[in-house]
Amino acid sequence: MLVIRAVIVDVDDTLCLTEAVCFDLENEVLTAMGRDPMSRAVHLATWGEPLLDAMPKRSPGLDLDQFAMTYRQVLRRYILDGRLDDIAFENLNALDQLILDGRTVMLLTSRTEAEVEHMLAPDHVLAQRVTAVYHADNTRFRKPDPRAFDELLTATGLGPEQCVYVGDSPGDAQAAGGAGLHFIACLQSGVRERQDFDVRHVSAFIHTFSELVDEVRRLDATPLPPSPQTAAYEPSP
């Protein structure tokens, strides 16, 4: 009998390696608007924040409405050119193995619906692999708030202890840990290291996404009891 019933996957720098591409994309938008490009250091420091929350820090004084309009145009071109959200074959294999093991695979991301709509297309490689996608426009709360999982837990009827979230950021770990989910930190992008995480929220570290299958099996064999703090957590009404 499976203990871990659902594997919930973050998108950016977890399922896809995207930080470097997004840095280029956003600077192309800024250049098109006649603004100076941001530094990589600034981008890294704000990586993981919702885009329109991060951009005023990346380019102070930015007209967010104009940025959003130009961004949509450039984003579409990057997607059509295959420069963004390319999912490695071995990552797809890992999803397939999770499903063969009897687990449900879902995505939970801070992206907006417009930023994930291409992943929702019926001909996308995720169409037959992912059962649901939770994003900024169909959830009330954002990571690192643990209530980011409210809609998912309510819709599935699963308990937090039956779910594992895999992500790349301390905010991902904080959200999952606060909601009582297991959390696996994926370090493949190289953007973050072990010491960046509060280990109280981390069940395992992986260096490649494909290692996820074995780590979830390990959790199945030796489930971790919830802490008193997370055991008391319930989705908000």
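**Note on strand β1, the largest pocket and the salt bridges**

1. In this predicted model, Ala6 stands opposite Thr104 in β2, and the two strands concerned, β1 (residues 6–9) and β2 (residues 104–108), pair in the parallel sense over four bridges. β1 also pairs with strand β4 (residues 163–167), again in the parallel sense and over four bridges, and here Val9 stands opposite Val166 in β4.

2. Which way do the side chains of β1 point? In a regular strand the side chains alternate between the two faces of the sheet. In β1, Ala6 and Ile8 point one way while Val7 and Val9 point the other way, and all of these residues are buried.

3. The largest pocket has a volume of about 1000 Å³, and of the 44 residues that line this pocket, those closest to its centre are Asp12, Tyr71, Arg111, Thr112 and Glu115. Sorted by class, the lining consists of 18 nonpolar, nine polar and 17 charged residues.

4. Several helices contribute to the lining of the largest pocket, with α1 (19–32), α3 (51–58), α4 (64–80), α6 (113–116) and α8 (170–179) each supplying at least two residues. The largest share, eight residues, comes from α4.

5. Side chains of opposite charge can pair when their charged atoms come close. The count for this model comes to 18 salt bridges, and one of them joins Arg77 to Glu28, with the closest N and O atoms 2.3 Å apart. This pair links distant parts of the chain, since Arg77 belongs to helix α4 and Glu28 to helix α1, 49 residues apart. Arg77 counts as partly exposed because its relative accessibility is 34%, and Glu28 likewise counts as partly exposed, at 26% relative accessibility.

6. Asp172 and Lys143 meet through their side chains in a salt bridge of 2.8 Å, N to O. Here too the pair links distant parts of the chain, with Asp172 in helix α8 and Lys143 in the loop between β3 (132–134) and α7 (150–156), 29 residues apart. Are these two residues buried or exposed? Both Asp172 and Lys143 are buried.

7. Asp168 forms a salt bridge with Arg192, the closest N and O atoms being 2.7 Å apart. Asp168 lies in the loop between β4 and α8, and Arg192 in the loop between β5 (182–186) and β6 (204–206), so this pair ties together parts that are 24 residues apart in sequence. Asp168 and Arg192 are both buried. Elsewhere, salt bridges that share partners join Asp10, Lys143 and Asp172 into one network.

Terms used:
Residues numbered from 1 in each chain as written. Predicted model: local features only at pLDDT ≥ 70, side-chain atom pairs only at ≥ 80, totals over all residues. Heavy atoms only, no water. Buried < 20%, exposed > 50% of the residue type's maximum accessible area, 1.4 Å probe, protein only. Pairing = 2+ DSSP bridges. 1 Å grid on protein atoms, 1.4 Å probe; cavity = no way out; pocket = protein on both sides within 12 Å on 5 of 7 lines; lining within 4 Å. Points joined across faces, edges and corners; volume = space filled by probe spheres on them. Nonpolar A, V, L, I, M, F, W, Y, C, P; charged D, E, K, R; others polar. Salt bridge = Lys/Arg side-chain N within 4 Å of Asp/Glu carboxyl O.
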